[in-house]
Amino acid sequence: QEVTLRLHQFLPPQANVPKLVLDVWADSVEEDSGGRIKVERYPSMQLGGKPPELMDQAIDGVADIVWTVVGYTPGRYPSTEVFELPFMMTNARAASRAYWEMFEKHMKDTEFKDVHILGTWVHGPGLIHANKEVRKPSDMEGLKIRGGSRLANALLEKVGATPVGMPVPAVPEGLSKGVIDGTTIPWEVTAALKIPELVGNHTEFTGNALYVLTFVLAMNKDRYDSLPADLQKVIDDNSGLEFSIFAGGTQADSDGPARQAAADRGNNIVTLNAEETAEWKAVAEPIYAEWVAEMNEKGIDGQALIDEARMLIDKYTE
Amino acid sequence: MSNLELGFMSFPILLIMVFLRAPIGLAMLLCGFAGWYFAMGGNPNVLLNKLKSETYTQFSSYSLSIIPMFLLMGQFATLSGMSSSLFKAAESFLGHRRGGVAMAAVGACAGFGAICGSSLATAATMSKVALPELRRYGYSGGFSTATLAAGGTLGILIPPSVILVIYAILTEQNIAKLFLAAFIPGIMAAIGYMLTISFYVRLNPKSAGTRPPQPMSERWAALAETWPVLVIFGLVVGGIYLGWFTPTEGSAIGAAGTGLVALLSGSLNWSVFRDSLLGTAKTTAMIFFIVLGASFYNSFLALSGVPQFMADWVLTQGFSPWLVLSIILIFYLVFGCLMDSLSMILLTVPIFFPVISAMDFGMSPEHVAIWFGILVLIVVEVGLITPPVGMNLFIINAMDRETPMTETYKAVMFFVGSDILRVIILVLFPAITLFLIPG
Amino acid sequence: MHNAMKLLARGTAVIGGLVLVGLIVLTTLSIIGRSLNKMLHSDRAESLMGGFAQTLLDLGIGEVNGSYELLEAGVAFAIFSFFPVCQLYGGHATVDIFTSRLPARVHRAIVAFWEVVLAAVLILISWRLYEGMQRYIGNGETTLFLQFPVWWAYAASFAASTVTCVVAVYCAVMRVGESLSGRILLPTA
Ligand code: NA
Ligand code: NA
């Protein structure tokens with residue numbers, strides 16, 4: 001082959017995203033290039049650093065391509081947070097599609113100008129897993145919960161819970177030893193972390209999801225620019241809108257089996273109806289205004305982003 | 001040259017630099033620099049950019065912050081008089097036997113190891129207390145220094161242990177479980193050393209004196225004096241295992257606890273306190289420079305694909321897992337004669353661990369990881385007392401200038417023998433190590 | 001000159017050590033707070049103490065949340081401040097077995113050579129740390145939990161790192177001097 005691309009990310013190779021999304025992408029690129037591109041895969045931060053540095057590694061060329069959680073670098077890509085607002089997303093395909101469109105329109109040449117973005121997506125609906133049944137926002141009072149992001153933590157504070165910061169791999173031990181009472185993650189991740197064995201209650205919402213995280217697959221800009229036009233085309237054809245929808249959708253599709261596993265164990269899965277969900281939405285509502293104010297300080301029209309994201313997500317939600 | 005060839009070429013270069021007295025951390029950093037430089041086709045930018053965050057990231061690690069905390073805990077423990085109360089207690093029970101004072105020194109080392117994460121600190125601290133006593137009761141020079149050098153290794157074999165923390169981080173294993181797994185092998189080590197002592201004094205009756213036994217009441221009184229050690233060990237290791245707190249939090253509690261005991265014992269004035277900070281500082285910087293160099297070098301090795309290549313190669317050869325394990329352990333024993341234990345672990349575990357993980361020992365992957373970790377821990381610790389380069393030997397000989405190094409070398413071989421015997425037992429019976437580990 | 005360097009290196013290490021002690025106290029308090037919080041939440045506390053348990057909880061007795069971010073930033077600073085004293089006292093791990101058999105003059109030259117290389121590498125590290133700090137000043141990244149700017153932590157570490165550079169250069173000059181003059185200029189205690 002003539003081009004070797006180093007793909008660096010933080011999960012072990014057998015986890016869902018590396019196996020079902022990144023490997024698929026990489027294999028497809030290798031194949032479409034007729035073997036001229038080889039994607040070397042470095043899981044589990046093998047090339048050094050901690051997950052928050054992945055984005056800089058792509059910018060600097062330490063890795064050619066990285067997959068990362070945008071929220072690992074709070075404050076740097078504020079616009080993406082519009083999708084992480086509580087009760088914003090509906091399903092991962094619609095939200096990932098809206099995310100890509102808004103990325104192209106608002107973020108590509110501003111916040112993400114230092115990297116070449118290959119895909120933007122969100123995971124399936126995030127929900128609450130706790131050691132007691134949670135129905136009303138007030139049920140959360142006094143619970144110590146690991147939140148997945150800055151805005152998830154803000155939401156936890158609004159409902160009277162104590163957001164606890166800890167890395168994902170520490171969650172199982174935290175739960176089993178009672179350091180935390182619960183965590184907010186999508187179903188897909190629960191299997192690997194053995195969450196259903198550690199807590200018996202899961203609270204889902206109807207319609208809009210409690211929260212999600214945003215991801216990007218990012219490539220070093222110079223590396224992309226240095227590729228011959230035909231190989232750039234191979235990369236392009238495998239990336240962008242279609243890929244983003246595929247990635248978000250695939251990740252969300254892994255939710256089902258994981259949920260089933262929890263149900264099979266006889267765990268208590270509470271699905272709040274629209275009315276009950278509305279109660280939570282009302283509690284979360286002030287976060288929107290606070291976020292808009294924060295964005296205004298950064299010179300970003302937060303309200304316009306919210307309106308547009310809502311409009312697109314509604315449009316793409318069947 | 002391919003990246004793989006670069007990776008393989010870096011080994012001899014690294015060794016040459018180390019043997020030419022380059023600081024070990026520096027040698028690994030330089031190899032890492034050169035590796036990334038050449039792998040990027042002679043472009044220094046990636047390397048320079050990587051360095052922007054590499055140092056801060058390595059040093060701002062939640063899990064590695066255990067290390068300075070355990071080191072400070074060891075410093076405080078030294079000040080607080082725990083080492084002498086431990087020795088007195090052990091001596092009151094064992095001192096009248098033949099070789100009993102030496103056995104007591106080993107017992108006290110085991111006790112001190114339970115609150116100290118470092119072998120060197122254990123060796124140095126216990127030597128201060130026990131060496132004069134050993135000499136007073138007519139123990140020969142080499143036998144005394146060798147006993148304390150070997151006893152010092154209990155500092156790391158008995159949890160808490162800095163080396164196990166590093167191994168846990170490198171292999172993504174649970175620190176609490178590794179600490180627990182080290183417990184029985186650590187006790188076996190202490191017993192093994194005591195048996196070695198009784199064997200040695202039978203062989204060389206002139207090398208040890210005796211003294212009359214103490215009344216039981218005095219023995220129990222001396223034992224009661226050691227309660228702070230028990231409390232702190234129980235709190236730190238027990239608390240970590242029971243999940244009251246993370247290992248990092250446990251190390252903080254341990255440091256705070258020993259600090260408090262030192263304060264209450266009245267020995268902690270400002271200049272003593274400052275010296276314990278300086279002692280911690282020097283060792284911490286030494287360790288973290290090696291950690292930094294190793295992490296940079298290891299990221300280059302991952303880039304070159306050497307660990308993957310080695311694992312694949314060993315698998316395709318169809319070697320028996322037991323043969324591979326034996327070769328790795330012998331490698332550590334041989335290299336341990338020359339290298340220090342921390343650098344060996346940092347350098348080799350990223351290469352050997354994938355190899356071992358890929359093999360079938362008829363155990364769960366977690367059990368293999370824990371068992372292998374304890375075996376590696378023991379064999380690298382043997383390196384601290386194998387001639388010619390054994391850090392524990394150096395430290396103790398520096399404290400006892402009258403004893404020629406060769407005397408120590410001769411006597412210590414008995415303890416090395418007991419170590420090797422123990423390794424063989426633990427290899428043959430993994431259940432001993434895994435006995436306390438659930439599922 | 002040597003006394004000034006000693007003061008600088010030891011002073012920096014003591015400051016770092018005090019930060020470490022501060023983190024130990026913070027972490028310990030956090031654990032005590034967490035345990036008390038758990039106890040006060042229990043049914044037994046409620047029956048024994050009644051409303052008082054809730055009053056204590058309302059006072060905010062509990063874990064120092066986000067303390068792990070302070071720990072990470074603080075311990076990085078502490079470690080950077082520990083380097084000068086390690087440097088000054090020749091504390092880095094080396095394998096002396098082969099070189100110690102060489103003639104003293106050759107041995108001293110080797111020691112001096114590595115000391116110079118080490119100083120150069122430490123300066124390189126410091127310079128890159130500075131660039132890293134610049135990047136975080138520019139990009140507005142904060143920590144996840146306490147949301148303080150990441151560059152603050154870099155700045156503290158960089159300050160300690162400059163002391164390391166000063167001491168490292170001093171040590172390198174002295175070792176070269178030792179190698180040329182054959183006299184010991186840099187005591188290692
Ligand atoms: Na220990
Ligand atoms: Na040795």
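The following exercises, each with a worked solution, concern a predicted model.

Local features in this model need pLDDT of at least 70, side-chain atom pairs count only at pLDDT 80 or more, and totals for chains, interfaces and linings use all residues. Residues are numbered from 1 along each chain as its sequence is written, chains are lettered from A and ligands numbered from 1 in the order in which they are written, and side-chain values use heavy atoms, with hydrogens and water left out.

**Exercise 1. Describe the interface of chain C and chain B.**

Step 1. Begin with the residues in contact, where contact means heavy atoms within 4.5 Å. Chain C contributes 54 residues and chain B contributes 55 residues.

Step 2. Consider the buried area, which is the accessible area (1.4 Å probe) that two parts lose on being put together, summed over both. For chain C and chain B this area is about 5,000 Å², and carbon and sulfur atoms give 79% of it. On the side of chain C, the most area is lost by C:Val95, C:Trp114 and C:Arg128, together 14% of what that side buries.

Step 3. Turn to salt bridges, each being a side-chain nitrogen of Lys or Arg within 4 Å of a carboxyl oxygen of Asp or Glu. The interface of chain C and chain B holds two salt bridges. In one of these, the side chains of C:Arg34 and B:Glu249 meet at 3.0 Å, N to O.

Step 4. Identify the helices, which are DSSP runs of H or I with at least four residues, numbered from the N terminus. Helices α1 (2-41), α4 (67-88), α5 (104-139) and α6 (150-181) of chain C each supply at least two residues of the side that touches chain B. The largest share, 16 residues, comes from α5(C).

**Exercise 2. Characterise the surroundings of C:Arg34.**

Step 1. Locate the residue: C:Arg34 lies in helix α1 of chain C.

Step 2. Classify its accessibility, given that buried means under 20% relative accessible area, exposed over 50%, and partly exposed in between (1.4 Å probe, protein chains only). C:Arg34 counts as buried because its relative accessibility is 6%.

Step 3. List its contacts, not counting residues up to four places away in sequence. C:Arg34 touches A:Val179, B:Trp244, B:Phe245, B:Glu249, C:Gly62 and C:Glu63.

**Exercise 3. Compare three salt bridges, formed by A:Glu308, A:Asp237 and B:Asp419.**

Step 1. Note the total: the structure holds 36 salt bridges over all chains.

Step 2. Examine A:Glu308 and A:Lys105, whose closest N and O atoms are 2.9 Å apart. A:Glu308 belongs to helix α13 (residues 302-316) and A:Lys105 to helix α3 (residues 92-107) of chain A, so the pair ties together parts that are 203 residues apart in sequence. A:Glu308 counts as buried at 16% relative accessibility, whereas A:Lys105 counts as exposed at 57%.

Step 3. Examine A:Asp237 and A:Lys233, with closest N and O atoms 2.9 Å apart. Both residues lie in helix α9 (residues 229-238) of chain A, four residues apart, about one turn of the helix.

Step 4. Examine B:Asp419 and B:Arg422, with closest N and O atoms 2.9 Å apart. These two residues are separated by about one helical turn because they are three residues apart in helix α20 (residues 405-428) of chain B. B:Asp419 is buried at 0% relative accessibility, and B:Arg422 is buried with a relative accessible area of 4%.
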